[in-house]
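Colleague: Could you take me closely through the ligand site of this model, and then follow the chain outward from there? I would like a connected account rather than a list.

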Amino acid sequence: FEFTHALCRLPATSVTDGLRASDHGDPDPVAFAAEHAAYISALRGAGCVVNVLPADEAFPDSVFIEDPALVLTGTAIVLRPGAASRLGEAAALRPALLENMNDVIDLTTDGYVDGGDILCTDDRVLLGLSARTNGQGAEDLRSIVESLGYTLEVLQTPPEILHFKTESSLLDRQTVLATPALAGSGAFKGLKVLETAIGEEAAANAIRVNAHVFLSAGYPKTAEMLDGAGYSVRILNTSQAALVDGGLSCMSLRY
Ligand code: CIR
């Protein structure tokens, strides 16, 4: 959770065509841009140098830059997003990764992995299998993360949930924030788990960035719980991203 840099991509106006499990209306590109700008300011305020890539209209979901890549110790792993409309985001992002990271490694099989299914601690990579991430992708990733000194643990993203990190986030070296359902699944062995308040499950897609925990607006009980546990909580509006199933973690690669 200690980062000096972040890589973001501006939301495309085509974000109105972004994937979503259930339709509550299209995001408004102007409002999305404002939310995204506030998010970038917050990353900068937390001490990150933020590199902002131009919007990529060809990929409606490309603002969710966490899904096509994983960065570990300054090395980028180019992933293979499991939604057909998103697979090409990886190749589109690759040049920026070459420019910004120490090294770039590609998966070698046809397996699928979405970055949203990956939660990293200092030495562990927890990967949730999901509709976007399959066993072949997991095994492909395993050799790469092991070569970088991490262990890979393959878990299950809860059914009907888009990504493992839709329901969890790292709060510090020993602690995760998770929904009661995911906390109860036994996924977080060896870690302390703080649970989101009942009815506030969407608060679990938070991010710890240096001294602060970024939390989406609208989850007062979880905010109070985190505050009481000693975290410095920074509330950000993610209402537009939420319309296309996005949240705080998906909008940056932090390293
Ligand atoms: C998608 O369905 O792929 C996008 N509409 C949302 C991706 C959110 N990404 C994330 O949670 N890591």
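Modeller: What follows starts at the ligand, moves to the residues beside it, and ends with the aromatic pairs and two backbone details.

Please keep in mind throughout that this is a predicted model, and that the distances and areas below are computed from it.

The ligand is surrounded by 14 residues, of which Leu19, Asp61, Asp67, Arg86 and Val244 come nearest. Sorted by character, the shell consists of 5 nonpolar, 3 polar and 6 charged residues. Three side chains can be described through their polar atoms. A polar side-chain atom of Asp67 is placed 2.8 Å from a nitrogen atom of the ligand, and an N or O atom in the side chain of Glu66 is 3.0 Å from a ligand nitrogen. With Arg132 the partner on the ligand is an oxygen atom, which lies 2.8 Å from a polar atom of the Arg132 side chain. As for the ligand's surface, it would expose 350 Å² if taken alone, and the protein buries 99% of that.

Asp67 deserves a closer look, since its name has now come up twice. Asp67 sits in the loop between E2 and E3 and, because its relative accessible area is 2%, is classed as buried. Setting aside neighbours within four places in sequence, Asp67 is in contact with Leu79, Pro81, Arg86, Val113, Asp114, Gly115, Gly116 and His163. One of these contacts, Arg86, is also listed among the residues that come nearest to the ligand.

Glu66 is likewise found in the loop between E2 and E3, and it counts as buried because its relative accessibility is 5%. Apart from the ligand nitrogen at 3.0 Å, the side chain of Glu66 has a protein partner, being joined to the side chain of Lys165 by a polar contact of 2.8 Å. When residues up to four places away in sequence are not counted, Glu66 touches Gly115, Gly116, Lys165, Ser249, Cys250, Ser252, Leu253 and Arg254. Gly115 and Gly116 thus appear among the contacts of Glu66 and also among those of Asp67.

Asp114, which is a contact of Asp67, leads on to Thr133. This threonine lies in the loop between strand E7 (124-129) and helix H3 (135-147) and is buried, because its relative accessible area is 2%. The side chain of Thr133 reaches the backbone nitrogen of Asp114 at 3.0 Å, and it also makes a polar contact of 2.6 Å with the side chain of Asp117. With residues up to four places away in sequence left out, Thr133 touches Tyr112, Val113, Asp114, Asp117, Leu127 and Gly128. Val113 and Asp114, named here as contacts of Thr133, are also in contact with Asp67. The C-alpha atoms of Thr133 and Gln156 are 9.8 Å apart, while 23 residues separate their positions along the chain.

Turning to the aromatic rings, the structure holds 2 aromatic pairs. In one of them the ring centres of Phe32 and Phe64 are 6.3 Å apart and the planes meet at 55°, so the pair is tilted. This pair links distant parts of the chain, with Phe32 in helix H1 (residues 29-45) and Phe64, 32 residues away, in the loop between strand E2 (49-53) and strand E3 (69-72). Phe32 and Phe64 are both buried. The loop that holds Phe64 is also where Glu66 and Asp67 are found.

The other pair is formed by Phe164 and Phe188, whose ring centres are 5.7 Å apart with planes at 45°, so this pair is tilted as well. Here too distant parts of the chain are linked: Phe164 is in the loop between strand E8 (151-156) and strand E9 (168-172), and Phe188 is in the loop between helix H4 (180-183) and strand E11 (192-195), 24 residues apart. Phe164 is buried because its relative accessible area is 0%, and Phe188 is buried because its value is 5%.

Two backbone details remain. Most residues other than glycine have a negative phi. Glu160, in the loop between E8 and E9, has a positive phi of about 70° although it is not a glycine, and it is exposed because its relative accessible area is 82%. Asn210, in the loop between strand E12 (207-209) and strand E13 (212-216), also has a positive phi, near 55°, but this asparagine is buried because its relative accessible area is 17%, with under 20% as the limit for that class.

Notes. Residues are numbered from 1 along each chain as its sequence is written. This is a predicted model: local features need pLDDT of at least 70, side-chain atom pairs count only at pLDDT 80 or more; totals for chains, interfaces and linings use all residues. Side-chain values use heavy atoms; hydrogens and water are left out. A residue is near a molecule or strand if one of its heavy atoms lies within 4 Å of it. A polar contact is a pair of N or O atoms within 3.5 Å; within protein, one must be able to donate a hydrogen and the other to accept it, and residues adjacent in sequence count only if both atoms are side-chain atoms. Accessible areas come from the Shrake-Rupley method with a 1.4 Å probe; for residues, only the protein chains shown count as cover. Ala, Val, Leu, Ile, Met, Phe, Trp, Tyr, Cys and Pro count as nonpolar, Asp, Glu, Lys and Arg as charged, and the others, Gly among them, as polar. Rings of Phe, Tyr and Trp (its six-membered ring) pair if their centres lie within 6.5 Å; planes under 30 degrees apart count as stacked, over 60 as edge-to-face and the rest as tilted. Helices (H or I, at least four residues) and strands (E, at least two) are DSSP runs, numbered from the N terminus. Buried means under 20% relative accessible area, exposed over 50%, partly exposed in between (1.4 Å probe, protein chains only). Contact means heavy atoms within 4.5 Å.
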